[in-house]
Amino acid sequence: MNLRLSLPALLLALLLPLSLFAKCPITPNGRLVVRAPAGNLQVDTTGTDSVDIEVSNRQVTVQETCRKETVDISATAPASIGIPDWKIRVPKGVTLDLSTQAGTIQIADTDAEALLRTSGGKVTAGNIRGNMLIVGTEVRTGNIGGNAEVRGLGGRIQLGDIGGNAEFKTEGGDITAGLVKGHVKAQLGSGSFIIRESNGDVVVTTEAGDIKSDYIRGSFDGKTDSGNIRIERAGSWVKAVTNVGDIFFRLSPANYTGDLHVTAEATLGNITMYVPKAMKATIDAVIEKPPLNGKSRIFSDFALKGTGAIKGLLPGGPDRQGATVNGGGNNIKVRTSSGTINIFSLE
Amino acid sequence: MSCQEYQRQIVLSLYEELNDVERAGLETHLTECTGCRQAFEEHQVFSSALADDKAAWELPSDLLVESRRALADQLDRIETKRSWWRMPAFSVVFTPMRMLESATLIALGLAFGVYISNHQLSPQRPAGDALATATLTAVPQNSLVSNVRIVNTDSNTATVEFTGDVVQPLRFTGRLEDDTTRQLLFSALQDSMNPGSRMQAVEVLARKSSEPSVKEVLIHALLNDENLSVRLKAFEGLKPFAGDDDVRAAFMEALMKDKNDGVRVLVVDALAPFTKSEAMANSIEAVTRNDDNTYVRLKGQGLVHSVGAQR
């Protein structure tokens, strides 16, 4: 008798912490919206015609609104259960709009857009064919077909190639990305910023850390308070500013008719640039505090002439040199308080 | 000319650095001297091997810059050594160096005048020669002088006392195991004005984070550096040792006091695999109980549950 009574209770007790399932039909190009109170969201994109959700703890109350084009999932859960795992399976073409108040987000390759937000936890994604928005601590993705926007709460951000524009805003942590086909805008509280290439313009500011790229075809506007700036090839105008650090870049424009002005400023650091021999340029290079006993620290393949009125008479005064190349034109303003300036010509 | 001199010319000839007369002289000598001809052929083979191989080389892009800088430094040194005794040559070209020389001569003349005049007025003047030497040697070659202040002047002796800072460029390459390298890295970590340098120092030191002194430095950076990226890099270096008592204690402190959500999230994640005992889980839960970040808070609670469930 006792056994008969206690068996259902025992079964219920055993089932309670086990998984919870939900299922909704969805069109292949539909949209999944998940608003999880807390949960590690793992998305598998091998589904065919439905959204399948499995939550690792039955104390989570899931509410689903199933429509043909959109499936909305929201949930409530007692805080005491910690962070349950959510396993979600969707067709590959479904747009993913996922938010969790706490937890990691992990998605496989998708052919659609992905909007992934967590207030704490890593975000990992495969290749995303559409646009992407990610908010998280550490972020790692494959290639992005569309635009990419990342808001980092603190932690490393690593992205593959990006088919559209890229925008980054982070409190701290390094950012690396592959080839960006559009424009790039990045604002880092601190950390290094490294992109392999950009076809568009690049604007980067960081309070501390290096800024590096192999090739920026558009304009470059970069500022770091403490770090080096190194652009192997720059296709358009350049503005590079650092307080403490070196600046290096090679101007490599596709045509010489566009705006190719240069502003390079370092408070404490060396500046090295390569300028095409055929480019029209008006060079103005200044070392504000050259070595007291040394020779000029401005080196150039172009025939620079001292332009400072007092150079040579008062040791330690500014060392200023300039040149007009090919009749002059694009202003090349290079300034360091203390360091070396190298302006070399490129064939 | 001796064979030794001809052989020196061989190298120059391969780089087309000889004038016509020298080249003709060398060619004549090569037809007559077997030893030099052999040396020429060897150089030629070496030179063409270098040329063939050139495409495969990846020269550092800074090589030219560095070479020029080193050359300039050497020239400066030579210039300084020479300028002590060399009289300036008469020339109609007024280069900056010549103008500097002229200015120096004028200044020396004035100084000499002052010296003579003081010497005549006051036979017991202080050691002016020693002072002059001290002044000249006080500013090393290529150094920067900043914050120059005159702290004392004495009109009787015509002396001026300066204070200031002299900064000299430093370029040093060393292995991470070397004391000097390590001391320089530690020093870079103390540079409060240069967080970029601190980040790089931490990143490099993190490769040796198993060593106690390095670990200690990284812990200090994690807990005290005001720059978030420096703390994140210090964390990355320490993460593999999250099971060690000292690192765990540091992580607990970071969990308690770091203002950045990202750091606390990473730290609580790093502590999780090493939280085996109930006491440890409880202490993490206590630290994270009132955390603003939901993930950190729930993760702390979750650890208590998971340790309890394992029992």
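A residue is called buried if 20 or more other C-beta atoms lie within 10 Å of its own, and exposed if 12 or fewer do. By this criterion, 26% of the 311 residues of chain B count as buried. The structure discussed here is a predicted model, and the account begins with chain B before turning to one residue of chain A.

The secondary structure of chain B consists of 14 helices and two strands. Among its contacts between residues at least 6 apart in sequence, 48% join residues at least 24 apart.

Helix H1 of chain B, residues 3-14, offers a clear starting point. Its 12 residues reach 17 Å from the first C-alpha to the last, close to the 16 Å expected at 1.5 Å a residue. Within H1(B), the residues B:Tyr6, B:Gln9 and B:Ile10 are buried. These three cover an arc of only 120° around the axis, and therefore lie on the same side of H1(B). A general property of helices is helpful here: an α-helix has 3.6 residues a turn, so residues three or four places apart point the same way. The face of H1(B) turned away from the buried side carries the exposed residues B:Gln4, B:Glu5 and B:Arg8. Just after H1(B), B:Glu16 takes a positive phi of about 55°.

Helix H9 of chain B may be examined in a similar manner. The 13 residues of H9(B) should span 18 Å at 1.5 Å a residue, and the end C-alpha atoms are indeed 18 Å apart. Its buried residues include B:Val214, B:Val217, B:Leu218 and B:Ala221. What covers the buried residues of H9(B)? The covering elements include helices H7, H8, H10 and H11 of chain B.

The pairing with H11 deserves particular attention. Two packed helices are described by the angle between their axes and the distance between the axes. Helix H9 (residues 212-224) and helix H11 (residues 245-257) of chain B pack at an angle of about 10°, with their axes 10 Å apart. Because angles under 35 degrees count as roughly parallel, H9(B) is roughly parallel to H11(B). In this contact, B:Lys215, B:Ile219, B:Leu222 and B:Leu223 of H9(B) meet residues of H11(B), among them B:Val247, B:Ala250 and B:Glu253. The residues of the contact divide into six nonpolar, no polar and three charged.

In chain A, A:Asp85 lies in strand E7, residues 85-91. With 15 C-beta neighbours inside 10 Å, A:Asp85 counts as partly exposed. Leaving aside neighbours within four places in sequence, A:Asp85 is in contact with A:Gly39, A:Asn40, A:Gln42 and A:Ser56. A:Asp85 and A:Asn57 are 28 residues apart in sequence, yet 7.8 Å apart in space from C-alpha to C-alpha.

Key
Residues are numbered from 1 along each chain as its sequence is written. Chains are lettered from A and ligands numbered from 1 in the order in which they are written. This is a predicted model: local features need pLDDT of at least 70, side-chain atom pairs count only at pLDDT 80 or more; totals for chains, interfaces and linings use all residues. Axes are lines fitted to C-alpha atoms, for helices over the stretch in contact, and angles run from 0 to 180 degrees between N-to-C directions. Helices (H or I, at least four residues) and strands (E, at least two) are DSSP runs, numbered from the N terminus. Angles under 35 degrees count as roughly parallel, over 145 as roughly antiparallel, 65 to 115 as roughly perpendicular and the rest as oblique. Two residues are in contact if their C-beta atoms, placed from the backbone, lie within 7 Å. Ala, Val, Leu, Ile, Met, Phe, Trp, Tyr, Cys and Pro count as nonpolar, Asp, Glu, Lys and Arg as charged, and the others, Gly among them, as polar. The expected span of a helix is 1.5 Å times one less than its number of residues. The arc is that of the directions from the helix axis to the C-beta atoms.
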